[in-house]
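Me: Could you take a close look at the open sheet in this model, and at the parts around it? I would like one connected walk-through, with the cut-offs spelled out.

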Amino acid sequence: MKKRKFSMLLVLAGLLLTLSACGKPEPTKIQDGRGSGAVTGEEASADLALAEQQAAEENDGEKAGGESGAAGSENEAGPGQGSTGTSHETGQDLQPPAELSTDTPEVTEELEIHFIDVGQGDCTLLLCGGEAMLIDAGDNSQGTKIQSYLQKRNVETLKYVVCTHPDEDHIGGMDVILYKFDCETILMTDEEKDTNTYRDVVDTMENRGYQRTLPEVGQQYSLGDAVFTILGPSELSSDSNNNSIALLLVHGDNRFLFTGDAEAEEEEEMVDSGIPLDADVYKAGHHGSRTSSSEQLLEAVSPAYVVISCGEGNSYGHPHAETMNHLRAMGAQVFRTDEQGSIVLSSDGSEIRWNCSPSDTWQAGEPTGSSGERPPESEPGQSGKTRPEDADGSFGTEQSERQQSGESGSVSAGMTSGMTSAVTEAPEETSAPGEFSYICNTNTKKFHYPDCSSVKQMKDKNKLPVNATRDELINQGYDPCKKCKP
């Protein structure tokens, strides 16, 4: 009896266990993206929450990666992807062009500057870090010569071409250069000139699909390790020389100044610009003419070396005695293409080396023609390639023959006497100081005291002596000179 009761108790216990097992919920199965697996509902909720959190983090990471370019290989932008201003190669944000910088750039490449002998004209080649730059190209007879000079130095592309101003002795050979070489940036003012020489250059630019880049004072450009800054012109005037593109190139600790044919008026604007003009090497403005290299500019530049590009026996007497006197007084070493041919310097950023010794003659030129006024270049319709032209423009054949034979009578014996053996002083002004209240410059619209040094640099055609009062001149639109401060 007891055994039967015990057996029944065991059966009841088994039934209770069976009923308990039937009431337990089955595991819930979910997809985790990598296959199926059995997890409990509580675990599934935890996994979903974790998945949502991971997704949110991944989205934040993608956004951050899109902005910084550093989200990993799957989020890196390829060519043609990403927003403007992002470098696809490095993922770094591109920076806008820097403001005018006075920092000395790091130098790893040597700079060469070739002052090419083109006779009575200008042409300078600059090479740095595998990049080339050409400033002017001599007169119409020099294009092929300059082409050959560049090709011998393995120049195929000119990163920069600078046409300082449209005078024939500066852009005459430029049509050949623009046609023969690939040119990336052509710096040129929008001054136009009604000459065949100018039209040849413009037509070649149109045929090659080139466009001019207008210079802006303070704008900077890089040439290898070197950097150059535009100094002028700040605005165009009626005098083409004073529209010359002027620039200062810096290579490490070495500085080089180029001013084209800029005369005293533009030089004054450069000094007043506030941009430091001090330079080791100064390419003398306007071939060493007395109308350039003013005392004001030379004081600001204080060059150790000066290069003068001019032709042997040129009709304008370049370099003028006044300029040579100033340079000698300040202790500058002078190099001259009329005496030494093409002149080459190299800079490693600290030291400057030359291919020749400086000139020791201090000899001024001997003018054979009038240098007071600049005759117009060749008439429209006549060939700009055959008329005799020099540093200050071209002469008609008949006029040139008269001047070279001395028939013009514009140069006195007193002006030329002794110039070939020694530097002479400048001729006295025709108007004695004090005879007039002020001297006005009709070109720059400035007025000066009669004894102001700027008056000596002024062209006769722009010089207007007056006996007006200061207020009267200001009311007429004239500004007082910043040097003599009348």
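Reply: **The open sheet and its surroundings**

Eight strands make up an open sheet with mixed pairing, in the order S8-S7-S6-S5-S4-S3-S16-S17. Strands are DSSP runs of E with at least two residues, helices are runs of H or I with at least four, and both are numbered from the N terminus. Two strands count as paired if DSSP finds at least two bridges between them. At the edges stand S8 (212–213) and S17 (352–354), each with a single partner strand, so one side of each has no neighbour in the sheet.

A word on the ground rules: this is a predicted model, where local features need pLDDT of at least 70 and side-chain atom pairs count only at pLDDT 80 or more, while totals for chains, interfaces and linings use all residues. Residues are numbered from 1 along each chain as its sequence is written, and side-chain values use heavy atoms, with hydrogens and water left out.

Within the sheet, S3 (residues 111–115) and S4 (residues 124–128) are antiparallel partners over five bridges, and Phe115 stands opposite Thr124 in S4. The loop between S3 and S4 holds Asp122, while Lys283 sits in strand S13 (residues 281–283). Their side chains meet in a salt bridge at 2.9 Å, N to O (a side-chain nitrogen of Lys or Arg within 4 Å of a carboxyl oxygen of Asp or Glu). The pair therefore ties together parts that are 161 residues apart in sequence. Both Asp122 and Lys283 are buried; buried means under 20% relative accessible area, exposed over 50% and partly exposed in between, with a 1.4 Å probe and protein chains only.

Twelve salt bridges are found in the structure. Another one joins Arg353 and Asp348, whose closest N and O atoms are 3.8 Å apart. Arg353 is partly exposed at 29% relative accessibility, and Asp348 is partly exposed at 33%. Together with Glu110, Asp348 and Arg353 form a network of salt bridges.

Towards the other edge, helix H6 (residues 196–208) lies across S7 (182–188) and S8, at about 135 degrees to S7. Here the axes are lines fitted to C-alpha atoms, for helices over the stretch in contact, and angles run from 0 to 180 degrees between N-to-C directions. Contact means heavy atoms within 4.5 Å.
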